[in-house]
Amino acid sequence: MRKLDFATYKDKVMGCWAGKNIGGVLGAPFEGKRQVNDISFYTQDLSMGPPPNDDLDLQIIWLAAVERYGRNVNASILGEYWLSYCIPNWVEYGTGKANLRAGLQPPLSGLIDNTYKDSCGCYIRSEIWACLAPGNPELAARYAYEDAIVDHEGEGMYGEIFFAALQSAAFVESDKRKLIDIALSYIPEESKTTAAIRKAMECYDNHVEFTEARKEIHNTAPGTFGVQSGTIQDIPAEGNEGMEIGAPGFDAPENVAFTIAGWLYGEEDFGKSLCMAVACGEDTDCTCATLGAVLGIIAGASGLPEKWTAPLDDKIATLCIDKTSGGIWVPSTVTELTERVMRAAPGFLGQDICDIFADGGMTIDCKEGNELYCKRTSDYIPKINGNGKDEALPVKDLCSLSPYVVRYSFPAFNIMVDYEDSIFFKSGETRKIKVTVTNSHTMRQQQWAKINVYMPSGVELLNGKGYTLPLNNLYGSKAEAEIAFNTDLYDGGRLEFVVEVSLEGRHSSGAVKVTLMREA
């Protein structure tokens, strides 16, 4: 276990937000263009301060949620804040909000009818979790998952988990290859995000010329961010020869990899690395801002070049936060944002990680070495004595769950509702959902779980209204029931019913609502 002292922590958090701000400002003028950008410094007039950028300010919404709910924050709570304070209604942001308003819980909110679920809107939000869980990538990645599934799924989600793990580990590790390797351990090996990142490393290691590497990365996971503002015929021919046209919204994998390419080809130079990321085109403010945050964490604010920090004068500007409803205080400087994050960290981390009474100021216990890598379910034998073992799904397993599985947590148990690959129902067909109950990882005892189903009139339950099932405290144990029903006599366009779970001998219970839509 490694200790992160107060002064180092503050320097790195401030470096994160300063680097994020620098990269967002640098890349913004070139966003959404498929072209090779040849720049060496800011191209905007910054005499009136930096322009606003959503890459940074959306995370202030999450910070407000953490300030109120601490480590209890989850996708459902974040979804409520998203609805209340996120202004944009474009692509995945708007689809996520529409699905939440329709009553669809995350991860369904990030999945259903969401063409842009694999785009870049959530990997740009990774820094808040890294700064709140420095040197604890498993924790940072777990909250990044909760964040991502509000309005993304699949490759978009993998991008945020990857960067949250990398940036958290960067508080205690500076070797870029180790950091990339650590972060890759948190996402599926078969993902396109992994393939694109590995292609960036392969190109660099094989001394592939940068503009050619850009094409190879793109064609490994072709996206469309750089062509969404015009017609296919508008794509400049020069520099784009041989670049495939990808599927709409499939943008995160290549842009994540462009960030890595800029880092590798930048050869340890802060400014050159950022400019190389921008040179790739596509979602340039996202790639450059994310890389700026990574480099800022590693170097700390004290190690960032004054050439890049001075023009911004510590200031940040916001664009996407609804300030009219109250409830969110928006900082105006990197310093203010840093101080707020640091005040929230002790409650978020808990006393087992964060010691606020340490001699010389607060310290944070950080992982080191192999502890920085993602845990694996296979680390324990199934059904072995569960005492002392963390029952929480490892992050890689968590992000490999079906996006039709909705999770709920209660003090003594957890519930997973599996919609079995659809949110629709129709007359004449038997519809099934699966309910799984597991012990809370903090209150493991031998239990009996009771599952009761409450359906509206017109719906026939085919295998009973209730179940009483054993739930012991062995590793990986669960109580599972499949609920089958017929809707032939139900005439509503929307079906909502309640599943209630309780444990024998415990006073508390939990009820969750299942929402299905009639298929046309």
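Trainee: What area do domain 1 and domain 2 bury between them?

Mentor: Good place to start, and keep in mind that this is a predicted model. The size of an interface is often given as the accessible area lost when the parts come together. Carbon and sulfur atoms hold 65% of the area buried between domain 1 and domain 2, and the total comes to about 850 Å².

Trainee: Where along the chain do the two domains lie, and how many residues does each give to the contact?

Mentor: Domain 1 covers 2-345 and domain 2 covers 404-518. Their contact draws 12 residues from domain 1 and 10 residues from domain 2.

Trainee: How far apart are the C-alpha centres of the two domains?

Mentor: Here we take the C-alpha centre of domain 1 and that of domain 2. The distance from one centre to the other is 36 Å.

Trainee: Which residue forms a salt bridge with R407?

Mentor: Between domain 1 and domain 2 the count is 1 salt bridge. R407 falls within 404-518, the range of domain 2. Its salt bridge has its closest N and O atoms 2.8 Å apart, and the partner is E146.

Trainee: Which residues line the largest cavity?

Mentor: Rolling a probe the size of a water molecule over the atoms shows where empty space is left. The largest cavity holds about 30 Å³ of space. By class, its lining has 4 nonpolar, 2 polar and no charged residues. Those lining residues are N21, V25, P51, N53, L56 and A317.

Notes:
Residues numbered from 1 in each chain as written. Predicted model: local features only at pLDDT ≥ 70, side-chain atom pairs only at ≥ 80, totals over all residues. Heavy atoms only, no water. 1 Å grid on protein atoms, 1.4 Å probe; cavity = no way out; pocket = protein on both sides within 12 Å on 5 of 7 lines; lining within 4 Å. Points joined across faces, edges and corners; volume = space filled by probe spheres on them. Nonpolar A, V, L, I, M, F, W, Y, C, P; charged D, E, K, R; others polar. Domains from an automatic or database assignment. Contact = heavy atoms within 4.5 Å. Buried area = accessible area lost by both parts, 1.4 Å probe. Salt bridge = Lys/Arg side-chain N within 4 Å of Asp/Glu carboxyl O.
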